[in-house]
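This briefing introduces a protein structure to a reader who has not met it before. Please look over the sequence and the model, then use the grouped points below as a guide.

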Amino acid sequence: MSEITTRFEIVYRENNLSDKDYYVYGSGGGGLDILRYVEEKGLRAPLAVLDREAKTEPLEVLSAYELKEVTHPVVVSSISFYSEIKHALVKHNAQFKSQLIPLMPYSENVTNRLYISESAWTEYQSLAESSYRKKQAWTGSQLQQQGFYIGVSDKAFADNFRVLCDTLPQQHHTLESSRQDFDYFSNALGEQNSDLQRLEITTEAQTLIQQFLEQHYDEIAEQLGSHWKVVNSRITKLAKVLNSNVGSNKLHLDNMPKPVKKILLYITPPSADTGSTMMELEDGSQVTVEGPQGTFLLFQNSRLKHRGLSTDKLNRLVCELTVATNQYKDTQVRKVGLVSEFPYKPWQRCGAYKVNLGGGANFNGENWICYDECDGANIEPISFTPDTRLPNSDHSCSLVYSSHFFEHINHETLTNLLTESWRILQHDGDLLIKIPDFDSAREAGLNGNMGYFEQFSQSKALLQCWQKYGVDPECALSHAANVITSFWDADYGHLYKNQTSSRAGYCGPAKLSSTQYAEILKIESINEISKILTQKVRATESDFQFNHQNAWTKQEFIDLVSDFGFELVSTDYELLEYAFPDVPDFEAHKPISNYYYFKKIANKGKS
């Protein structure tokens, strides 16, 4: 049984479909698998198969969008695309909401694996594509328009690969080779293909795959509209069987997220006579890949139905590469277990020592090292300067975390800590940062939204002091400026020490009028605003200390950190809360914060 039919058997039983009418949504490989299974087991057949459009081949299909009443359950035959299908159907007809049955338990929250996968891949694809397409002035490609692209490698390379494949041993299904790799989805087809052999990817084979990646990387990136990487590699040998209809030789979709695609590198010349791949395009026409050995097909394997074509004349040899959107150039060859398909997220947590920068006296977490200038039982005291060197050795930490600290230090100290973070993090290490949501504060100030600033605790005495120095405490612009840049004078004393004692002196934004703030906050760059406000403070004050002295728009902060050898992978609070359960007080100040999750890049410069 395939994974699709295994899960259908469960939902058929749990929803008592033997006693009621129901539909199956999806006329692709998953839907066909379910219909065959229903017939084989003598189960109650669905009323009809639904899909986006009505058609008669290869089976009778009704358009879901033409149903006026949805009064029966609808089993959705796709696992990976359930969310996308659900949203489209419910948007068209709200009656679908209560009738849809997923093959895999699904809920729209971060406790559900499918929801996590869809959310993480969707966000990551957007980040990767926007960066690449802006830089390359990308305007589109054949892959985007038609769903596939065919290229050709040079003859010498193809000849070498063909010779090597004749020496590669078969990869057998052992306990080790058949294990599902951690954080990878298993083979969506599930069915063993008796007509297909997997060959070992030896060191020599990896070298040739690496050569292919380096030779065609830019060509493929241009088609994808983003950087990319290999997440799985296979070499397959198809038996000499005429028109095999087993496993991947049946017409099917691969049910992978949109950012995950396939490259088929034909080591034998592809054609209908010698073995190839047939794709069914969205207009109903069919395309069979043909060309010399070394031809390769890049295609959207979860958009276009496709099947392997076998022949009794030749063993078709293919190097199959599963590739995914990436934010920088990566030509590493990756291979995983026989039943593993693709990572369920584009990023994974890393695990070892964890460092907190500027966590404060009350930060407390097991296996954490907390560096700060204040006193505390859990603090490793340190002075933060542009020359600070963290005590950790190179590549010794899995996570560097900082919460509402970077806005308190000057630019030179911050850039030094980013350099140090890169140094101490392991390859693929995690950098997690929480800072104030300066964009929302500025917007609230410009819109006169005083309600936003009720989230910040300001005592009545403090606000009266603002008024004394010409700062209007009832003006939202004053409060926005205070979030971006603020200071205390010597009479007030250190803001974060002796907090129980009564205060004199001043603590707040630069001492400017509302008119002056209005002019400054019109500037689009929040980093430029913070520079102006810090200059104003320096020009008028002598004995003082900054509270906030650095601020950025969301994009400015992403660009800043990225310049130090990190790639942004998520800003989604729900995903990050789920991924980092070991970070104490992660939710603190959530309504007024932005969260950023970066991964260390092995080589600092992005290509």
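## Briefing

Across the interface of domain 3 and domain 4, 6 residue pairs are in polar contact, with both residues of each pair at pLDDT 80 or more; a polar contact is a pair of N or O atoms within 3.5 Å, where, within protein, one must be able to donate a hydrogen and the other to accept it, and residues adjacent in sequence count only if both atoms are side-chain atoms. The model is predicted, with local features needing pLDDT of at least 70 and side-chain atom pairs counting only at pLDDT 80 or more, while totals for chains, interfaces and linings use all residues. Residues are numbered from 1 along each chain as its sequence is written, and side-chain values use heavy atoms, with hydrogens and water left out.

**Domains and the interface of domains 3 and 4**

- The protein is divided into domain 1 (3-102), domain 2 (115-343), domain 3 (354-436 + 565-600) and domain 4 (438-552); these bounds come from an automatic or database domain assignment.
- The centres of domain 3 and domain 4, taken over C-alpha atoms, are separated by 25 Å.
- Domain 3 gives 12 residues to the contact and domain 4 gives 12 residues, where contact means heavy atoms within 4.5 Å.
- The size of an interface is often given as the accessible area lost when the parts come together.
- Between them, domain 3 and domain 4 bury about 1,000 Å², with 56% of it on carbon and sulfur atoms; buried area is the accessible area (1.4 Å probe) that two parts lose on being put together, summed over both.
- In domain 3, the residues that lose the most area to domain 4 are Glu407, His408 and Ile592, together 49% of what that side buries.
- The rule finds 0 salt bridges across the interface of domain 3 and domain 4, a salt bridge being a side-chain nitrogen of Lys or Arg within 4 Å of a carboxyl oxygen of Asp or Glu.
- Helix 8 (411-424) and strand 21 (425-436) are the elements that give two or more residues to the side of domain 3 that touches domain 4; helices (H or I, at least four residues) and strands (E, at least two) are DSSP runs, numbered from the N terminus.
- That side of domain 3 has 7 nonpolar, 4 polar and 1 charged residues; Ala, Val, Leu, Ile, Met, Phe, Trp, Tyr, Cys and Pro count as nonpolar, Asp, Glu, Lys and Arg as charged, and the others, Gly among them, as polar.

**Two buried residues**

- Asn550 lies in the loop between strand 24 (544-546) and helix 14 (554-562).
- With a relative accessible area of 5%, Asn550 is buried; buried means under 20% relative accessible area, exposed over 50%, and partly exposed in between (1.4 Å probe, protein chains only).
- The side chain of Asn550 reaches the backbone oxygen of Ile409 at 3.1 Å.
- Leaving aside neighbours within four places in sequence, the contacts of Asn550 include Phe406, Glu407, His411 and Ser530.
- Phe8 is found in helix 1 (residues 3-14) and is buried, with a relative accessible area of 0%.
- Not counting residues up to four places away in sequence, Phe8 touches Tyr22, Ile34, Tyr37, Val38, Leu43, Val75 and Leu103.

**Salt bridges**

- The structure holds 20 salt bridges.
- One of them joins Asp21 and Arg44, whose closest N and O atoms are 2.8 Å apart.
- Asp21 is partly exposed at a relative accessible area of 29%, and Arg44 is partly exposed at 33%.
- Asp254 and Lys262 meet in a salt bridge (3.4 Å, N to O); Asp254 is buried, with a relative accessible area of 9%, and Lys262 is buried at 6%.
- Glu541 forms a salt bridge with Lys511, with the closest N and O atoms 3.2 Å apart.
- Glu541 lies in the loop between helix 13 (526-540) and strand 24, and Lys511 in the loop between strand 23 (507-508) and helix 12 (514-521), so the pair ties together parts that are 30 residues apart in sequence.
- Glu541 is buried at 16% relative accessible area, whereas Lys511 is partly exposed at 26%.
- Arg234, Asp254, Lys262, Glu320 and Glu341 are joined into one network by salt bridges that share partners.

**Positive phi values**

- Asn16, although not a glycine, has a positive phi of about 50 degrees.
- Phi of His395 is near 55 degrees, a positive value in a residue other than glycine.
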